[in-house]
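User: I should like to go through the cysteines and the charged side-chain contacts of this model. Please reason through each answer and end on the value or name requested.

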Amino acid sequence: MLDEQERQKEQEQEATKKRRDSVMSETSFVNMEPEGPIEKTLKPYTVSREIEVDRERVLLTLIDTPGFQAEYLVDKQLHDIMKYIEHQFDLTLAEESKVKRNPKAVDTQVHCCLYFMDPKKSSLDEYDIRILKRLSNRVNVIPVIGKADQLTLAQKNRLKPRIIQDIYNKIPIYGIPTQEDEEDEDEDDDEDEDSIKKPENLTEFIAQFNYDEEDQETQIILDYLKVIPFTFISYEDEPDTGKPIEIPDVPLGRDFGWGTIDCLSQIYSDFTQLKQVLLSSHRRFLQLDTVERYYEQYRTEKLTFKRATKLKSMDLSSQKILKDLKDL
């Protein structure tokens, strides 16, 4: 009887572990200081920490949202995320419209969205493409392959180029050149478009540059393009506390019995590079892109719609006045 109870307890613990592992990719990325068991994210929540980056105090806010579920729920979930991003733009627009602005107003705009992808897929499916296109219209999107420990090195090396090929010149995620960008450059250089061969993939695009001769900003972008999509491995947690399990000489890892994985090691994961991109090398680029590209685009759309609505209202009022005059 005792053996049966122990066996049942082990099965329950294993089932709990599987449930945690199924949701730990994006959730563990956000859960910097776990205060209990890591559970499935059912509604959006934020975690804010004041950190020091390059000798500068920065307030970092991470937002965790429920993963996209059944196909019929994708549009509803995507709508909620888009409305949240746009609401932050509305807050900025409202602050700018004040006669006396608050010099201490907090920047709540979303500067980057990490899109976690299923490693079991061989490429992007129609839902990934639809989601990425919508998100890329409002926020800087960086693709991440979650649960990368499920991939062998060969599988990872095959999957990364496939994902980028599905994105290149089709979806304007952060850092990826678009057809419009290339056409603008051609116009600036005043060259015949027919005489220029367009790069067919990201590898050809990167090969156009002589890395050693480029300026620092260009090198930073090229380093980023060579890595995406980033791979991420979540650490194994203690079921009761959510804290990382203790593995000798491995602060955040996974123990498979036959061996361990250091989730911060660049051999298995791109977490270190991703952290560098978000907090240091690309932080200013992401913020600038948010303001100059996404916010200005949203602001223009909002004000144009408001003006059009006002003109339409004035036109209807004028028509009503003319009609009333005719009826006199």
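**Accessibility and salt bridges**

Analyst: In this predicted model, Arg 293 has a relative accessibility of 31% and therefore counts as partly exposed.

User: With which residue does Arg 293 form a salt bridge?

Analyst: The closest N and O atoms of the pair are 3.9 Å apart, and a salt bridge requires a separation within 4 Å. The partner is itself partly exposed, at a relative accessible area of 22%. The residue is Asp 289.

User: In which helix do Arg 293 and Asp 289 both lie?

Analyst: The two residues are four positions apart, about one turn of the helix. The element that holds both spans residues 283-327. It is helix 9.

User: Which residue meets Glu 86 in a salt bridge at 4.0 Å, N to O?

Analyst: The partner lies three residues from Glu 86 in helix 2 (residues 71-96), so the two are separated by about one helical turn. Glu 86 is buried, with a relative accessible area of 14%, whereas the partner counts as partly exposed at 46%. The partner is Lys 83.

User: Which residues are linked with Lys 83 and Glu 86 in a network of salt bridges?

Analyst: The contact between Glu 86 and Lys 83 is a salt bridge. Both residues belong to a network of such bridges. The others linked in it are Arg 138 and Glu 301.

User: Is Glu 50 buried or exposed?

Analyst: Glu 50 forms a salt bridge with Arg 57, with the closest N and O atoms 3.2 Å apart. Arg 57 counts as partly exposed, at 49% relative accessibility. For Glu 50 the relative accessible area is 56%, and the exposed class begins over 50%, so Glu 50 is exposed.

User: How many salt bridges does a search of the whole structure find?

Analyst: The pairs described above include Glu 50 with Arg 57 and Arg 293 with Asp 289. The search of the whole structure gives a total of 18.

User: How many disulfides does the structure hold?

Analyst: A disulfide needs two cysteine sulfur atoms within 2.5 Å. For Cys 112, the nearest cysteine sulfur is that of Cys 113, 7.0 Å away, and Cys 112 is in no disulfide. Cys 113 is likewise in none, its nearest cysteine sulfur being that of Cys 112. The number of disulfides is zero.

User: Which of these cysteines counts as buried?

Analyst: The cut-off for buried is under 20% relative accessible area. Cys 112, at 22%, is therefore partly exposed. The other cysteine has a relative accessibility of 16%, so the buried residue is Cys 113.

Notes: Residues are numbered from 1 along each chain as its sequence is written. This is a predicted model: local features need pLDDT of at least 70, side-chain atom pairs count only at pLDDT 80 or more; totals for chains, interfaces and linings use all residues. Side-chain values use heavy atoms; hydrogens and water are left out. Buried means under 20% relative accessible area, exposed over 50%, partly exposed in between (1.4 Å probe, protein chains only). A salt bridge is a side-chain nitrogen of Lys or Arg within 4 Å of a carboxyl oxygen of Asp or Glu.
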